[in-house]
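The following exercises are to be worked with the sequence and the coordinates at hand. Each task is followed by a solution in steps.

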Amino acid sequence: MNVALQLILEFSPWLVAMMVLMLCSAFFSCSEAALFYLRQRDRRAMREGNAAQRITAALLDDPDRLLSGVLFWNLLVNILYFAVSSIVALRLESQDRHTEAGLFALGSLLALIFFSEMLPKTLAVLRAQLVAPLVAIPLATAVRVLDPLMPALRGANLVSRRLIWPGFQPEPFLDIGDLERAIELSTTDAALLKQEQSVLQNIVSLSNFRVDELMRPRLQFRAFRPPISREDLGGEIPPSGYLLVTEPDSDEVIGAVPLKNLVELPADHLEHLAEQVLYVPWSATAGSLLEAMIRRDREVAAVVNEYGETVGVVTFEDLLDTIFRQYPSRSIRLLQRSSLKTIGTGVWQVTGITSLRRLSKHFQLPLPPTRSVTVAGVVQEVLGRFPVKGDQCDWGPFHFEVIESPERGLLAVQLTRIAPPEEST
């Protein structure tokens, strides 16, 4: 302890300078993380906010200028920090205090990494909407000081990109075959290649999926009427990760609270945290929905029928699951059970929400034309009524027997393949 105190007293001016530089580095690291973590909806809201919020939005209107300024100042501060640290370490070396010099160099490096990088960036990400306006005014001043140097900085950036990718030209359009060949050439790992091809196929298939094949049906999610308190959740986060908010006098979903993104949850009036949902018709394709969600920066879409009634919801995570899961299954996603389960030779148990597309793909069979998209819809269509346990019917190459039919609940069906005439003779 006496040695440490002696070092502090002996090198106090240098240590103070290092502390100031560390705080400056933390400021720029925190600013970068906070501003670039803001989402589009946050930026739109800040354009109509107070002066600091408007400055925040203005900085993000030119992200290249902002990032160049932040990186320049952060690099300059870090260089000065290590220069001062080296001076202290060299003076300790000149006094034959090699151990202290080594420990000081290591400690100064670890202190900069933790207090100027990890800690400020973590806090900034957790409180981006609060931190961004606080740092906006001094950050805007720091960036404006560099405006005379900005053309040179951007020129250096352009030259470096030309040296690294001298022949790189953006493609106006990529064919699916081009993407597949790019994947094949980019990896020699057979397992990884198979996964990438599966993801690519799933992305392409989004243009064929209707949103009512992917949505969470109305009975599979809870929606709350305002005012909503934390106690209404019963201490649990809904399976979708979102608190769905309805109109005050109806069950139509109008907003969603992304609970998974919240660090703290207020006790009352949770509806004030809701973000507007996107409305799509049941017949829209999943591909068009994904494009609309990205373009309008929405995370939840309410699926409506021809009467404008909410019949289900689709979250951004539902679409990602459909893309990245090798065998997308709504039953696994919503019910945590397999959509197709073998229970005997030539006999399977399927859930009512299993899509007919899934059946066709699994059995490699063409299916009869129908207006329905799920097994439950086909059974109801054939029977002409709501099915009850024990009901049986034939449809195309399948024989269905209802084994579970709770009132307004999810159907479970036993499926048997019907042998074609040439196989039965």
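**Exercise 1. The cavity**

Task: Identify the residues that line the largest cavity of this predicted model, and sort them by class.

Solution. Step 1: The lining consists of Arg 41, Tyr 242, Ala 256, Glu 275, Gln 276, Val 277, Glu 299 and Val 300. Step 2: Sorted by class, these give four nonpolar, one polar and three charged residues. Step 3: The volume enclosed is about 40 Å³, and the structure holds one cavity of 30 Å³ or more.

**Exercise 2. The largest pocket**

Task: State which residues lie nearest the centre of the largest pocket and which element gives the largest share of its lining.

Solution. Step 1: Nearest the centre are Met 215, Pro 217, Thr 374, Gly 377 and Gln 380, out of 26 lining residues. Step 2: Helix 16, residues 375-383, supplies the largest share, with four residues. Step 3: By class, the lining of this pocket comprises 11 nonpolar, seven polar and eight charged residues. Step 4: The pocket has a volume of about 970 Å³.

**Exercise 3. The four-stranded sheet**

Task: Determine the strand order of the open sheet of four strands, and name its edge strands.

Solution. Step 1: The order is 2-3-4-5, and the pairing is mixed. Step 2: Strand 2 (223-224) and strand 5 (275-276) are the edges, since each of them pairs on one side only. Step 3: Strand 2 runs parallel to strand 3 (residues 242-246), with two bridges between them. Step 4: Within this pair, Phe 224 has Val 245 of strand 3 as its bridge partner.

**Exercise 4. Loops of the sheet**

Task: Classify Ser 240 and Ser 250 as buried or exposed, and place each in its loop.

Solution. Step 1: Ser 240 belongs to the loop between strand 2 and strand 3. Step 2: Its relative accessible area is 13%; a residue counts as buried under 20%, and therefore Ser 240 is buried. Step 3: A polar atom of the Ser 240 side chain lies 3.3 Å from the backbone nitrogen of Tyr 242. Step 4: Ser 250 sits in the loop between strand 3 and strand 4 (253-258). Step 5: With a relative accessible area of 16%, Ser 250 is also under the 20% limit and so is buried. Step 6: The C-alpha atom of Ser 250 is 10.0 Å from that of Phe 224, a residue 26 positions away along the chain.

Task: Locate the cis peptide bond that involves Pro 227.

Solution. Step 1: The bond runs from Pro 226 to Pro 227, and its omega is near 0°. Step 2: Pro 227 is in the loop between strand 2 and strand 3.

**Exercise 5. The hairpin**

Task: Describe how strand 9 and strand 10 are connected and paired.

Solution. Step 1: Strand 9 covers residues 340-344 and strand 10 covers residues 347-351; they pair in the antiparallel sense over four bridges. Step 2: Two residues separate the strands, which form a hairpin. Step 3: In the turn, Gly 346 has a positive phi of about 70°. Step 4: Across the pair, Lys 341 faces Gln 349 of strand 10.

**Exercise 6. Positive phi outside glycine**

Task: Compare the loop positions and exposure of Asp 96 and His 269.

Solution. Step 1: Asp 96, although not a glycine, has a positive phi of about 60°. Step 2: Asp 96 lies in the loop between helix 5 (63-94) and helix 6 (98-126). Step 3: Because its relative accessibility of 60% is over 50%, Asp 96 is exposed. Step 4: His 269 also has a positive phi, near 55°, and is found in the loop between strand 4 and strand 5. Step 5: At a relative accessible area of 40%, His 269 is partly exposed.

**Exercise 7. A buried arginine and the cysteines**

Task: Find the side chain that makes a polar contact with that of Arg 216, and state how many disulfides the structure contains.

Solution. Step 1: Arg 216 is part of strand 1 (residues 216-217). Step 2: Its relative accessible area of 7% makes Arg 216 buried. Step 3: The side chain of Asp 318 joins that of Arg 216 in a polar contact of 3.0 Å. Step 4: A search of the whole structure for disulfides gives zero. Step 5: As for individual cysteines, Cys 24 is partly exposed at 31% relative accessible area, whereas Cys 393 is buried at 8%.

Key:
Residues numbered from 1 in each chain as written. Predicted model: local features only at pLDDT ≥ 70, side-chain atom pairs only at ≥ 80, totals over all residues. Heavy atoms only, no water. Pairing = 2+ DSSP bridges. 1 Å grid on protein atoms, 1.4 Å probe; cavity = no way out; pocket = protein on both sides within 12 Å on 5 of 7 lines; lining within 4 Å. Points joined across faces, edges and corners; volume = space filled by probe spheres on them. Nonpolar A, V, L, I, M, F, W, Y, C, P; charged D, E, K, R; others polar. Disulfide = S-S within 2.5 Å. Buried < 20%, exposed > 50% of the residue type's maximum accessible area, 1.4 Å probe, protein only. Polar contact = N/O pair within 3.5 Å; in protein donor to acceptor, adjacent residues only side chain to side chain.
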